[in-house]
Amino acid sequence: MSFQEIKPEELTKNPFQMIGKEWLLVAAEKEGKINAMTASWGGVGVMWGKNAAFLVIRPQRYTKEFIDVSETVSLSVLGEAYRKTLGYFGSVSGREEDKIKKSGLTVAHDDKTPYFAEADTVIIGRKLYAQEYRPECFIDTALDEKWYPDKDYHTMYILEIEKILIKE
């Protein structure tokens, strides 16, 4: 199966379902090596007059090293049939093993950005902004207490959506 490019305004998939329920595989490339991780936090919208996606990555995640040096990032939505694979990508570090090879997923590229051929939807984004969450910025301090007991604050990345690919 091949992919068709659509405009962001043509995306009919519900972002709450896509991100929070189906989950994303976030992928980036560094020095010819690809790494990916599962994400279920993030969003899409408009920022600085651009169609944008945002995601958050904890500092200990190996994929963060790849995102930090990459100009672009992919967000692949694989659907319910890949739930076990997504769980694996979310629980095993690419530092320890080649998750992509072990998973059996197929890496494809859009120019220099890796994504997964098994996806039904792929968002390709160019990094615009990154900032680490800071404890003093929480207005609802209960969120800090609940989600960051180890003070391992996420870095938020804002991506300009360059392309959305959907499986034909």
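Asp152 lies in the loop between helix H5 (141-147) and strand S10 (155-167), in a model that is predicted. Although it sits in a loop, Asp152 is buried, with a relative accessible area of 15%, and that value falls below the cut-off of 20% under which a residue counts as buried. When residues up to four places away in sequence are left aside, Asp152 touches Arg58, Pro59 and Gln60. Two of these contacts are polar ones between side chains: the side chain of Asp152 meets that of Arg58 at 2.9 Å, and a polar contact of 2.7 Å joins the side chains of Asp152 and Gln60.

**Residues with a positive phi**

Most residues other than glycine have a negative phi. Glu31 departs from this pattern, with a positive phi near 50°, and its place is in the loop between S2 and S3. Asp111 likewise is not a glycine and has a positive phi of about 60°; Asp111 is found in the loop between strand S7 (107-110) and strand S8 (113-116). A further positive phi, near 80°, belongs to Trp23, the residue that follows H1. Are the two loop residues Glu31 and Asp111 buried or exposed? Glu31 is exposed, with a relative accessible area of 79%, and Asp111 is exposed as well, with a relative accessible area of 69%.

**Helix H1**

At the N-terminal end of H1, Asn14 acts as a cap, with a side-chain oxygen 2.7 Å from the backbone nitrogen of Phe16. Within the helix, the residues Met18, Ile19 and Glu22 are buried. Seen down the axis of H1, these buried residues fall within an arc of 120°, so they line one face of the helix. The face of H1 turned away from that buried side carries Phe16 and Lys21, which are exposed. What covers the buried residues of H1 includes several strands, namely S2, S3, S4, strand S6 (72-77) and strand S9 (121-132), together with the helix H3.

**Helix H3**

A second helix can be read in a similar way. In H3, which spans residues 83-91, the buried residues are Thr85, Leu86, Tyr88 and Phe89. Why can they be placed on the same side of H3? They cover an arc of only 155° around the axis, and this puts them on the same side of the helix. On the other side of H3, Lys84 and Ser91 are exposed. The cover over the buried residues of H3 includes H1, strand S2 (24-30), strand S3 (33-39) and helix H4 (99-103).

**The cavity and the largest pocket**

Spaces inside and at the surface of the model can be described through the residues that line them. The count comes to 1 cavity of 30 Å³ or more, and the largest cavity has a volume of about 40 Å³. Which residues line the largest cavity? They are Met18, Ile19, Leu24, Gly42, Gly43, Val44, Phe54, Leu75 and Ile123. Helix H1 (15-22) and strand S4 (42-47) are the elements that give two or more residues to this lining, and S4 gives the most, with 3 residues. Two of the lining residues, Met18 and Ile19, are also listed among the buried residues of H1.

The largest pocket holds about 270 Å³ of space. Its lining consists of 14 residues, and of these Met37, Thr38, Ala39, Ser40 and Arg61 lie nearest its centre. The elements that give two or more residues to the lining of the largest pocket are S3, strand S5 (50-57) and H3, with the largest share, 3 residues, coming from S3. The table sets out the two linings by residue class.

| Space | Nonpolar | Polar | Charged |
|---|---|---|---|
| Largest cavity | 7 residues | 2 residues | no residues |
| Largest pocket | 7 residues | 5 residues | 2 residues |

The lining of the largest cavity thus has no charged residues, whereas the lining of the largest pocket has 2 charged residues.

Note on methods
Residues numbered from 1 in each chain as written. Predicted model: local features only at pLDDT ≥ 70, side-chain atom pairs only at ≥ 80, totals over all residues. Heavy atoms only, no water. 1 Å grid on protein atoms, 1.4 Å probe; cavity = no way out; pocket = protein on both sides within 12 Å on 5 of 7 lines; lining within 4 Å. Points joined across faces, edges and corners; volume = space filled by probe spheres on them. Helix = DSSP H or I, 4+ residues; strand = E, 2+ residues; numbered from the N terminus. Nonpolar A, V, L, I, M, F, W, Y, C, P; charged D, E, K, R; others polar. Buried < 20%, exposed > 50% of the residue type's maximum accessible area, 1.4 Å probe, protein only. Arc of directions from axis to C-beta. Contact = heavy atoms within 4.5 Å. Polar contact = N/O pair within 3.5 Å; in protein donor to acceptor, adjacent residues only side chain to side chain.
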